[in-house]
Every structure is written in structure tokens, then in C-alpha cells.
Amino acid sequence: MISDTSAWRALEKHWKDMAGQSLLALFNHDPSRCTRFGLDACGIHLDFSKNLINEETLGLLLALAESADLASWKERLLAGETVNNTEGRSVLHMALRNRGGRAYHAGGADVMSGVRAVLDRMRVFSGEVRSGRWLGYTGRSITDVVSLGIGGSSLGPKMACQALRPYQTPALRVHFVSNVDGADLSQVLAALDPETTMFIVASKTFTTQETLTNAKSARDWCLTKLGNSAAVARHFVAVSTNRDAVSAFGIDPKNMFEFWDWVGGRYSLWSAIGLPLALAIGMDRFDELLDGAHAMDEHFITAPASQNMPLILGLLGIWYNNFGAVSTQAIIPYDQNLRDFPTYLQQVDMESNGKRVTRDGELIGYATGPVVWGQPGTDAQHSFFQLIHQGTRIVPVDFILPLRSHHLLGDHHAKLAANALAQAQALMRGRTEGEARAELEAAGMSPDDIEALLPHRVFPGNRPSNMLLVDQLTPYALGALIALYEHKVFVQGVIWGVNSFDQWGVELGKQLAGKILKGFADEAEVADTDASTADLIVRYKAMAET
């Protein structure tokens, strides 16, 4: 286990040496620190100088990655080996955005011809819908697309559609429904016309409870007005692998877009799961998204370890999580259109590395995946930043800032950028007692009032952060950003020794929900349940029957 290695023990000792260091003092001692602890790749600038590290720290972290045999695991990933060992699958999401001549194989078979064929079909289909050539059952063009999916089948395209709103056509509105709560679907459908609405049902197996429940209700809504089951074929398409179930639903199999078992849900944006995005921004822009992700893939594969952005970002997370006992990570994009990015990264990170056993099933005695959370700045500054600045726990922050805005409105973007840079600076330097006292004295406060207020005006600083700059939030930049975090998660999973590509914890709740649902109709189905759940079932049934 990685915690038994000499590299791990060296980092444990080194944390004790670094914990008492002052970031402000490190900057004062070395004005070139931001140059030495900065990287550029794929249009992203990463400033990681505001971390509690020095050259020795980086050397020890890189040695840890070597001890975990990261280079070998990268080769296995690229070779299509079954790195998802619990499900016996290859993991080839990089093949989905492969823009060069690199070969990708699963089970010994080349996958690129299939990938390119689906992308070609997406291009043709999205072109027909966006141009108005695709007509609904009554002969009218499509004005609204509703994506029905959940988890990885929804979070990625939803996030990307919001992030790339400046590139969308106003002639086609894209909506997302994922929650089985009837409010989600009802509120979306309330403003739509069945004659001009298309549904994309995204489910690999075409059996996902939430998605199929929403799809059946959407079909009923559509047919109530259109009146003929033949209309389904003009208003529903599927992203799935289950041809028989898709056909039984009423969807023409010619309008089923394939993806493969080596595509994990949270890594599937680049596949036909991204069809809503292709419809929203057009296939040329979708290709640009793939270009950005591919560029980051090649950087991750080929860049030297000390200059490898995903590797460095992953190791910094390991540094705090495992040696500084830091259990969370905040993602703060200073772009309103990236408001869903922290939520998206929650799944990429927490579903991947929220594991308690190694690949071999051995219980882990150290921390694995952190709690990922966040929201856009400047809103975040007025909600939870108080805790990050002066709370009792350390919360590392990733700031994401586009240097240019798509929305030129007065000096809004200058103020946004100033806030992002100021927050990172304030977290690093804090405010000393001497500085706070001088400010209060300059304000004319009495000595007694100063002494009473002084402890509240001191900021400890030394709070770590990364700053990620992009020129502008373009499809290319978004693709590179997403791939950066995907590879960061992979790095951390390798070091922790976990399988980052399964999610068995998700399955238990699904199984129990199915049993409870049957119990609503037949008490014998839940006769062996715990007393609390049995009582709650009784209370639900009593209310539902009134």
C-alpha cells in the first residue's frame, strides 16, 4: 500500500517542516516564486505559487507518483487494458476526443472507426435539426430539445451547454430534466409545445429508473396532443446501447446513437451523450471542445512530470488531503456561465475516488477522495468565504478566471477579475495583528475598542489556492479544463490505489429504492426492513392514500 512506502513517510515528515512556514514570507524571500511555480498548457495558465510548498515538496510528491507506478498506469490506460478491474472494462474516454493518429483499442479491437462514425452521425443529425430540415410529426420544425438523463448522462452536457451559452443559437432552446421528482419535468414541459419539441433519452441500458420514468411521462405528454404513437419516432431519439428496448419504446433504431461500455458515465460528455450540446452550439464548435480536451490528453501523456499540469494539480491535492488532513476542495469559477462546473466536478471526483478499498479489495487506512464543492465568484465571497478566510479548517481553493468576457458591460469584468485576484491574495497573506491595529488606529478608534475588536480583524492567511487563467471561455478552453480535472482525478486514484472508474456505492441505493417502491404496494416486500424505514413507509402510504 502506498502509505507503506518511503516516499509517503518522507512526505509525512516534510509536512511537519512546512506546516509552520509562512506563504507571505516565502514570497518576500523569493519574488520569482510565481515563475517557478507556474505552468502553461493548452491555453491554461496555472499559478500554483500560493501553496504551502517549496522545491523539496515538489520533488517528494513526484517521487510519490513514481512509487505508485503512475507512468505504468498511464500506459495501461492508453493500451485499453482493463483498468476498471471490478467491471472488467477498458477506460477509453480519451479515444472519444482523439484528433490525431493515436491508436486506441478495447479487447484488441480498434475503437476509432466506431467513434468517428458516431461523430459523423451526430454532425448530420444536428445539422438537420438546427437548420429546420428535421420536421416533427405535424410538419413543424423543432424549437426545443429536452434531454432526459441522470448523472453522467446529464451533468456533463448540462454544464457544457450553460458554459457555452454565448455560442448557442437562439432558434433552438435546450433543456435538461434529470430528477424523478415530477416538478422537474412538469416545469420544463409547461412552456413547450409538443409539435416543436424533441426529446433525447440518454441511458446506456435504457433501464435507468429515473430516466425511463421521465421518458414515459414525456411520451404521454407528447401523444396527448399528437394523438398517434407514430409521432414518437419524430420527437424522440435515444443515446443507448439497448436497441431492443429503444425500439419497444417507439424510437426508430436509426435514431439511436451508440456508445460503449468502455465509456464511463461521468466521462461521456465527449460521446453521443454530448448530443444536446452539439445541437445547442453546432458540430463545428463541438469539435473545438474535443480539440481542447485532446490537447490536454497529449500534454498529460507526453509532458515531463515536473511540467505536467494534471499531475501537479493532482499531487497538490494529495499533499493537503493526506499530509495536511484537509478533507475538502473548493472550486470557484469567476464566470457565471461556469456555475454548474463545481457540481460537474463533484461527480468526476467524488464518484471516482470516494472509495474505501484498494483495487484489490484491501481496506484503506488513509484519506481518499475529498469533498468537492463551490459556486461562482463573486457570489461565493458573500456566502462561505468567511469560513475559508477565518474558519478553523483549511480549504484549498481552485480559482478559475477567464481574462476576457463574452459580455462587455461597462467595467463589470474588471471588477470580477479584481475580486478573483484579491481573494487569492487575501487567502495567502491574511492580515497581521499589526496591520489590523494600524487600520483601527487610523480610523480613530479608542484603545479599548481597538483591543476588543482586534481579534476579529486578524486573518491568519496561509490558506492555499491555485489560480487557473484562460484567455476566454471558448469550447476549446472548456474542453481543456474538463480534461485537466479528469486526469487530475486519475492521478490521485492511482496514488491511492483505488479504481476510479466504478461506482458500486451508487447501486445499493438503487436496489433498496426498488424494494421500497414494491413495498408501497405489498407490505411483504419490506417485511424484513429496519423499524425506522418500515415506519416511514407506513407514514408515506397513509399520506399518499388520503
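In the predicted model, strands E2 (residues 44-47) and E13 are paired antiparallel through 4 bridges. Within this pairing, His 45 lies opposite Leu 469 of E13. Strand E13 also pairs with strand E12 (residues 397-404), here in the parallel sense and over 7 bridges. Phe 399 has Met 467 of E13 as its bridge partner. Strand E13 itself spans residues 465-472 and is mostly covered. Of its 8 residues, 7 are buried.

An open sheet is built from 5 strands in the order E6-E5-E7-E8-E9. Its pairing is parallel. Strands E6 (173-177) and E9 (256-257) form the edges. Each has a single partner strand, so one side of each lacks a neighbour in the sheet. Strand E5 (residues 144-148) runs parallel to E6 and is joined to E6 by 5 bridges. One residue of this pairing is Leu 148, whose bridge partner in E6 is Val 177.

Helix H10 (residues 209-226) lies across four strands of the model: E5, E6, E7 (197-202) and E8 (236-239). The helix runs at about 160° to E7.

A helix pair was also examined. The axes of helix H7 (residues 112-131) and helix H14 (residues 283-302) come within 10 Å. They cross at roughly 145°. On the H7 side, the contact is made by Leu 119, Met 122, Arg 123 and Ser 126. Helix H14 contributes Met 283, Asp 284, Phe 286, Asp 287 and Leu 290. By class, this contact comprises 5 nonpolar, 1 polar and 3 charged residues.

Met 122, a contact residue of H7, also appears in the nonpolar interior. The largest nonpolar core holds 127 residues. Met 122, Phe 341 and Leu 478 touch the most other members of this core. Helix H21 (residues 475-496) supplies the largest share, 14 residues. With residues up to four places away in sequence left out, Leu 478 touches Met 159, Ala 160, Ala 163 and Leu 164. The list for Leu 478 also includes Leu 289, Leu 338 and Leu 473.

A second core is separate from the largest one and has 23 residues. Among them are Val 146, Val 201, Val 232 and Ala 238. Val 146 falls within the 144-148 range of E5, while Val 201 and Ala 238 fall within the ranges of E7 and E8.

Terms used
Residues numbered from 1 in each chain as written. Predicted model: local features only at pLDDT ≥ 70, side-chain atom pairs only at ≥ 80, totals over all residues. Heavy atoms only, no water. Pairing = 2+ DSSP bridges. Helix = DSSP H or I, 4+ residues; strand = E, 2+ residues; numbered from the N terminus. Contact = heavy atoms within 4.5 Å. Axes fitted to C-alpha atoms, helices over the stretch in contact; angles between N-to-C directions. Nonpolar A, V, L, I, M, F, W, Y, C, P; charged D, E, K, R; others polar. Buried < 20%, exposed > 50% of the residue type's maximum accessible area, 1.4 Å probe, protein only. Core = buried A, V, L, I, M, F, W, Y, C linked by side-chain atoms within 4.5 Å.
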